[in-house]
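Trainee: I have not seen this structure before. Could we go through it step by step?

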Amino acid sequence: MRIDVVTIFPDYLRALELSLIGRATTGGPLEIGIHDLRKWTHDRHRTVDDTPIGGGAGMVMKPDVWGEALDELLSAPPPARPDHEADQGGQGGGPSQGGAPVLIIPTPSGEVLTQRIAEDLATREHLVMACGRYEGIDARVAEHYASRGVEVRELSIGDYVLNGGEAAALVIIEAVARLLPGVLGNPDSVVEESHGASGLLEYPVHTRPVSWRGLEPDPALLSGDHGRIRRLRRDQAIARTAQRRPDLISRLDPASLDSADRAA
Ligand SMILES: Nc1cc(-c2ccc3cc[nH]c3c2)n[nH]1
């Protein structure tokens with residue numbers, strides 16, 4: 001997968017050079033390009049914004065500058081894929097959806113990112129992320145590329161307002177990139193996560209010391225009885241979800257909450 005990120009603050013995205021995502025970009029399944037939007041300006045002040053048509057506070061990012069940047073990045077050839085990666089779905093599941101780039105525009109007024117959306121995006125070959133600032137990017141940019149048949153995803157990372165799209169882009173990239181094959185050391189760790197296949201929040205985790213400040217994990221976890229441990233953890237996941245995210249419980253298939261797998 002290739003991800004191109006356009007921003008007026010390229011240093012904000014340097015975090016992508018760290019940790020697992022950073023390692024995934026050195027000979028791994030991921031290529032990341034970080035681009036300064038001002039590269040596509042032509043005036044001496046490198047202007048990227050202007051006052052809003054119709055009035056209002058703040059400034060709006062200019063469609064002509066964004067158009068030159070996105071024309072170039074959206075028409076770039078899809079990343080070369082080693083033969084062994086032909087149609088190999090990652091933890092996101094499913095074969096690749098082909099090389100057509102997806103234009104992702106972080107915005108507080110977008111569809112809220114979910115694990116399902118991240119899994120879908122993890123099957124794509126090329127993501128182009130447009131990070132806005134000020135009051136946002138001229139709405140005609142998304143409209144123009146959608147009209148040209150580009151898949152445009154205006155994505156929110158939650159119902160709160162940031163100062164720009166860069167932090168949201170980091171969240172979206174991490175949620176997607178970690179699902180790619182070879183990025184996580186242990187692919188099994190994706191299986192029992194919150195918002196994973198079970199639709200539940202994950203159970204509480206513990207490690208040594210067993211006794212800490214008078215607190216100890218459930219004795220079942222020390223029993224070595226894997227069936228008992230699995231049943232406990234499922235009960236804990238259900239209880240935690242019911243307490244913290246009852247909205248997720250209502251979406252579950254009631255049959256999935258029965259003791260079927262507890263009998264195992
Ligand atoms: N979920 C969420 C996204 C944003 C966001 C995204 C882009 C821009 C550009 C200017 N302000 C922005 C805010 N806030 N909250």
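Trainee: Is Glu151 buried, partly exposed or exposed, and at which relative accessibility?

Mentor: This is a predicted model. Buried means under 20% relative accessible area and exposed means over 50%. Glu151 falls between these limits and therefore counts as partly exposed, its relative accessibility being 29%.

Trainee: Which side chain meets that of Glu151 in a salt bridge?

Mentor: A salt bridge needs a side-chain nitrogen of Lys or Arg within 4 Å of a carboxyl oxygen of Asp or Glu. Here the N to O distance is 2.6 Å. The partners lie 27 residues apart, with Glu151 in strand E7 and the other in the loop between helix H3 (115-121) and E6. The partner of Glu151 is Arg124.

Trainee: Is Arg124 buried or exposed?

Mentor: The limit for buried is under 20% relative accessible area. Arg124 has a relative accessible area of 11%, so Arg124 is buried.

Trainee: Which residues are linked with Arg124 and Glu151 in a network of salt bridges?

Mentor: The protein chain has 17 salt bridges by the rule used here. Some of them join up into a network that includes Arg124 and Glu151. The other members are Glu111, Asp120 and Arg153.

Trainee: In what order do the strands of the open sheet stand?

Mentor: The open sheet has 5 strands, and their pairing is parallel. Strand E2 (31-36) and strand E7 (151-156) each have a single partner strand, so they stand at the edges. Neighbouring strands of this sheet are turned by 30° against each other on average, direction ignored. The order is E2-E1-E6-E5-E7.

Trainee: How many bridges join E5 to E7?

Mentor: E5 and E7 run parallel. One position that shows the pairing is Leu103, which stands opposite Val152 in E7. The number of bridges joining E5 to E7 is 7.

Trainee: Which helix packs on the sheet and touches E1, E2, E5 and E6?

Mentor: Helix H4 (residues 140-147) lies across E5 and E7, running at about 145° to E7, which does not fit the list of strands asked about. The helix that touches strand E1 (2-7), E2, E5 and strand E6 (126-130) makes about 170° with the direction of E6. That helix covers residues 63-74 and is H2.

Trainee: With which residues is Thr107 in contact, leaving aside its neighbours within four places in sequence?

Mentor: Thr107 is found in strand E5 (residues 102-112). Its relative accessible area is 16%, so Thr107 is buried. Beyond the neighbours left aside, Thr107 is in contact with Glu154, Leu155 and Ser156.

Trainee: What is the relative accessibility of Ala169?

Mentor: Ala169 is found in helix H5 (residues 166-177). Leaving aside neighbours within four places in sequence, Ala169 is in contact with Pro106, Met129 and Cys131. Ala169 counts as buried, and its relative accessibility is 0%.

Trainee: Which partner does Asp4 have in a salt bridge?

Mentor: Asp4 counts as buried at 1% relative accessibility. The partner counts as partly exposed at 21% relative accessibility. The closest N and O atoms of the pair are 2.8 Å apart, and the partner of Asp4 is Arg2.

Note on methods: Residues numbered from 1 in each chain as written. Predicted model: local features only at pLDDT ≥ 70, side-chain atom pairs only at ≥ 80, totals over all residues. Heavy atoms only, no water. Helix = DSSP H or I, 4+ residues; strand = E, 2+ residues; numbered from the N terminus. Buried < 20%, exposed > 50% of the residue type's maximum accessible area, 1.4 Å probe, protein only. Contact = heavy atoms within 4.5 Å. Pairing = 2+ DSSP bridges. Axes fitted to C-alpha atoms, helices over the stretch in contact; angles between N-to-C directions.
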